[in-house]
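Colleague: I have just opened this chain and would love some help finding my way around. Could we go through it together, one question at a time?

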Amino acid sequence: MLSETLQTMLPIRDNKHNPVIKVCPLLTLYFHNGHLPDTRKAVSECAEEFLSLFKDQIQWGIVGVGKPQAFNTFPERASQRYLDSVDVANEDGWQIYWQSDEPEHASDCGFQAFGSSRQQSEELGHLSYLSAHFPLHSALSDPEALLALALRWCKRLKPFHGYGGMGIIHASDRFVAASYEKEEYALAQRFPALEVDYPLKHALWSREGIKGGNWLTILSDSWLNKLQSTDAQINLPAPFETHPYGDGIIIRAGQSPIVEDRNQGADTPLYNQLAKTLKPIRLTTHPAIHTSRGKFTRQAFEEWIERFDD
């Protein structure tokens with residue numbers, strides 16, 4: 001799914017030759033009511049499915065509050081045990097991380113989920129999220145397999161919105177990630193179909209508008225109703241496909257993700273067409289990714305959100 005040019009650029013490494021930026025297939029889902037037992041059960045089922053596929057590659061995790069801990073020190077079904085018993089009245093909510101590679105390195109695969117507390121969910125309408133990325137050369141790099149997994153997870157979680165495709169993977173350590181924002185920005189400008197993903201931050205700003213579309217775009221029925229109220233319709237011709245999951249749809253933009261190189265004059269007409277359809281429900285305000293002094297300032301990130309507009 002990646003051009004030879006992009007493959008030769010990756011991974012981007014630091015001065016110690018450690019990988020700090022990679023590109024992998026990813027899926028990110030935002031959902032309401034992260035405090036409810038049924039929602040937490042759905043998240044734990046997704047986590048267990050992820051671990052059943054990639055546990056041999058996972059090196060560390062965080063369950064709740066704390067520092068990264070070696071994966072082999074966790075009990076069996078640690079995600080389920082934690083989510084079954086977590087205190088949802090705690091204002092910090094809950095969180096899970098399972099990652100390969102070191103926290104200071106961009107990982108080949110990882111799973112993270114954050115749930116808002118009862119008060120944040122019910123009184124403030126805060127979103128929760130689940131995000132996973134998969135090894136570039138694995139079963140989940142197959143487009144049909146990634147779509148099938150997205151459908152399974154959407155049926156479980158009933159997400160509010162989300163997206164999937166090829167994404168830029170940065171180090172889990174936020175200070176390392178911030179240090180290589182310039183390189184991430186340059187990669188995103190050259191290959192606009194690569195998702196720039198900071199779901200903990202996006203969840204705060206995507207309650208009234210979706211982040212945008214990609215190869216897979218997940219929309220709950222509420223977004224479809226909003227599109228209809230603005231006279232916009234999900235009426236995208238082939239090679240677009242729509243896949244219902246019970247409480248919404250997944251839009252697939254072509255058979256596989258398109259990662260075109262702007263430096264070679266390549267265009268993304270499918271993503272441009274999708275962006276035009278989704279524009280009435282897309283968010284318009286988003287702060288800087290790291291700091292206002294970085295490359296992805298507020299203005300730059302909002303321009304990135306609009307990157308497929310005509």
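Colleague: In which helix do Phe 50 and Phe 54 both lie?

Modeller: Keep in mind that we are looking at a predicted model. The two residues are four places apart, about one turn of the helix. An α-helix has 3.6 residues a turn, so residues three or four places apart point the same way. The helix that holds both Phe 50 and Phe 54 is H2, residues 37-54.

Colleague: Are the rings of Phe 50 and Phe 54 stacked, tilted or edge-to-face?

Modeller: A pair of aromatic rings is described by the distance of the centres and the angle of the planes. For Phe 50 and Phe 54 the centres are 5.3 Å apart. Planes under 30 degrees apart would count as stacked and over 60 as edge-to-face. The planes here are at 50 degrees, so the pair is tilted.

Colleague: Which residues do ring pairs link into a cluster with Phe 50 and Phe 54?

Modeller: Both of these Phe residues are buried. Apart from its neighbours within four places in sequence, Phe 50 has contacts that include Ile 58, Cys 109 and Ala 132. Phe 50 also touches three aromatic residues that belong to the cluster of ring pairs. They are Phe 111, Phe 134 and Trp 153.

Colleague: Which helix gives the largest share of the largest nonpolar core?

Modeller: That core has 71 residues, and those touching the most other members include Phe 50, Phe 111, Leu 130 and Trp 153. The largest share of the core, eight residues, comes from one helix spanning residues 143-157. That helix is H5.

Colleague: How many residues are in the second, separate core?

Modeller: This second core stands apart from the one we just discussed. Among its members are Ile 168, Leu 194, Ala 300 and Ile 305. Its count of residues is 27.

Colleague: Is His 35 buried or exposed?

Modeller: His 35 sits in the loop between strand E2 and helix H2. Its contacts beyond the neighbours within four places in sequence include Arg 40, Val 88, Ser 116 and Glu 122. With Glu 122 there is also a side-chain polar contact of 3.2 Å. The relative accessibility of His 35 is 4%, under the 20% cut-off, so His 35 counts as buried.

Colleague: How many residues of strand E8 are buried?

Modeller: Let's look at its partners on the way. E8 pairs with E2 in the antiparallel sense over 10 bridges, and with E10 in the antiparallel sense over four bridges. E8 is largely enclosed by the rest of the structure, because its buried residues number 10 of the 10.

Colleague: In which sense do E8 and strand E9 pair?

Modeller: E9 covers residues 195-196. One bridge partner in this pairing is Val 196 of E9, opposite Ile 168. The two strands are joined over two bridges, and their sense is parallel.

Colleague: Which residue in E12 does Leu 216 stand opposite?

Modeller: Leu 216 points one way from E10 along with Ile 218 and Ser 220, while Thr 217 and Leu 219 point the other way, and all are buried. E10 and E12 run antiparallel and are joined by five bridges. Opposite Leu 216 in E12 stands Arg 252.

Colleague: Which strands are included in what covers the buried residues of H10?

Modeller: H10 is largely enclosed by the rest of the structure, because seven of its 10 residues are buried. Among those buried residues are Leu 270, Tyr 271 and Leu 278. Their cover includes helix H9 together with strands E10, E11 and E12.

Colleague: What separates the C-alpha atoms of Ser 172 and His 105?

Modeller: Ser 172 is in the loop between E8 and helix H6. At 34% relative accessibility, Ser 172 counts as partly exposed. Its contacts outside its neighbours within four places in sequence are Trp 60, Gln 99, Pro 103 and His 105. Although Ser 172 and His 105 are 67 residues apart along the chain, their C-alpha atoms are separated by 7.0 Å.

Colleague: Which residue lies over the face of Trp 304?

Modeller: Look for an Arg here. It lies 3.7 Å from the ring centre of Trp 304. The residue over that face is Arg 307.

Terms used
Residues numbered from 1 in each chain as written. Predicted model: local features only at pLDDT ≥ 70, side-chain atom pairs only at ≥ 80, totals over all residues. Heavy atoms only, no water. Core = buried A, V, L, I, M, F, W, Y, C linked by side-chain atoms within 4.5 Å. Buried < 20%, exposed > 50% of the residue type's maximum accessible area, 1.4 Å probe, protein only. Contact = heavy atoms within 4.5 Å. Phe/Tyr/Trp six-rings, centres within 6.5 Å; stacked < 30°, edge-to-face > 60°. Lys NZ or Arg CZ within 6 Å of the ring centre and 35° of its normal. Polar contact = N/O pair within 3.5 Å; in protein donor to acceptor, adjacent residues only side chain to side chain. Pairing = 2+ DSSP bridges.
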